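Please look through the structure shown below before reading on. The report that follows begins with a short definition and then moves from the whole chain to single residues.

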Amino acid sequence: MTRLTALNPEEVTGKTKDLFNAVQAKLGVVPNMMRTMGNSPAVLEGYLNLSGALSHGKLSAKTGELIALAVSESNSCDYCLAAHTFIGEKLVKADPAVLKAARTGNSADAKTEAILQLAKTLISKSGLVNDEDVNKAKNAGVSDAEIAETIAHVALNVLTNYFNNVANTEIDFPAV
């Protein structure tokens, strides 16, 4: 049973309505997570702004989805695992085996694996990584900008994982 209410896009007004309209225009639907975040327009806007900013970064959309899967697996977020598996398959056209491997921080590509391992380490160490952790990524060719964006992707996904785990958001994507 959900713990926070997913708002009906037809019944909201003001800033929430504006944000829902923008999501609807971009995605064709307002997913339950965003409908629930809409209880606080500040939360929904913050999520959308950081997500939007990262979409213009050095890391590809595919890498962002792989990070999301690694973080969501670490945080046991079934909603985000379902959402990012769907997005990974349907929108960024990643192979299902690649998506599954990302959940455990693995990739056939050494640089991508270093990014995923850094993401998993950030979660397991609550951000308190050491020189060796960062140097592993750098030695695999991950730039400072890519490390910074990995940290931001982890933070974004911790937000959504914690939000969905607390809200017990109803999953509106195919289950994984």
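## How helices are named

Helices, as the word is used here, are DSSP runs of H or I with at least four residues, and they are numbered from the N terminus. With that in mind, the label α6 can be read in the statement that G105, just after α6, takes a positive phi of about 80°. The model described in this report is a predicted one.

## The chain as a whole

The protein chain contains 9 helices and 0 strands, and reading along the sequence gives the pattern α-α-α-α-α-α-α-α-α. The radius of gyration is 16 Å, close to the 16 Å that the globule rule gives for 176 residues, so the protein chain is as compact as a globular protein of that length. Along its principal axes, the C-alpha trace spans about 50 × 30 × 30 Å.

Of the 176 residues in the protein chain, 41% are buried. Among the contacts with a separation of 6 or more, 69% are made by residues 24 or more positions apart. The accessible surface of the protein chain comes to about 9,200 Å², and carbon and sulfur atoms account for 54% of that surface. The protein chain carries 16 positive and 19 negative side chains, and the centres of these two sets lie 2 Å apart.

## Two buried residues in α9

Helix α9 covers residues 144-167, and N161 is one of the residues that lie in this helix. Is N161 buried or exposed? Its relative accessible area is 0%, and because buried means under 20%, N161 counts as buried. The side chain of N161 makes a polar contact with the side chain of S72 at 3.1 Å, and another with the side chain of N75 at 3.0 Å. Leaving out residues up to four places away in sequence, N161 touches V71, S72, N75, C77 and C80.

T160 is also found in helix α9, and at 2% relative accessibility T160 counts as buried. A polar atom of the T160 side chain lies 3.1 Å from the backbone oxygen of N157. When residues up to four places away in sequence are not counted, T160 touches M33, M37, Y47, C77 and C80. C77 and C80 therefore appear in the list for T160 as well as in the list for N161.

## Around α5 and α6

F86 has its place in helix α5, and with a relative accessibility of 30% F86 counts as partly exposed. Leaving aside neighbours within four places in sequence, F86 is in contact with L91, F173 and P174. F86 and P96 are 10 residues apart along the chain, and their C-alpha atoms are separated by 9.6 Å.

The loop between α5 (78-90) and α6 (96-103) holds K93, a residue that counts as exposed at 63% relative accessibility. At the N-terminal end of α6, D95 acts as a cap, with a side-chain oxygen 2.8 Å from the backbone nitrogen of A97. Beyond α6, N106 lies in the loop between α6 and α7 (110-124), and with a relative accessible area of 33% N106 is partly exposed. N106 and L116 are 10 residues apart in sequence and 6.9 Å apart in space, C-alpha to C-alpha. Not counting residues up to four places away in sequence, N106 touches A101, E113, L116 and Q117.

## The two ends of α8

Which residue caps the N-terminal end of helix α8? The cap of this helix, which covers residues 131-139, is N130, and a side-chain oxygen of N130 lies 3.1 Å from the backbone nitrogen of E132. Just after α8, G141 takes a positive phi of about 95°.

## Positive phi outside glycine

Most residues other than glycine have a negative phi. K93 is not a glycine, and yet K93 has a positive phi of about 60°.

N168 is another residue other than glycine with a positive phi, in this case near 55°. N168 lies in the segment after α9, and with a relative accessible area of 32% N168 is partly exposed.

Key. Residues numbered from 1 in each chain as written. Predicted model: local features only at pLDDT ≥ 70, side-chain atom pairs only at ≥ 80, totals over all residues. Heavy atoms only, no water. Helix = DSSP H or I, 4+ residues; strand = E, 2+ residues; numbered from the N terminus. Buried < 20%, exposed > 50% of the residue type's maximum accessible area, 1.4 Å probe, protein only. Rg over C-alpha atoms; globule rule 2.2 N^0.38 Å. Contact = heavy atoms within 4.5 Å. Areas by Shrake-Rupley, 256 points an atom, 1.4 Å probe, with all protein chains shown as cover. Lys, Arg positive; Asp, Glu negative; His and termini not counted. Charge placed at Lys NZ, Arg CZ, Asp CG, Glu CD. Polar contact = N/O pair within 3.5 Å; in protein donor to acceptor, adjacent residues only side chain to side chain.
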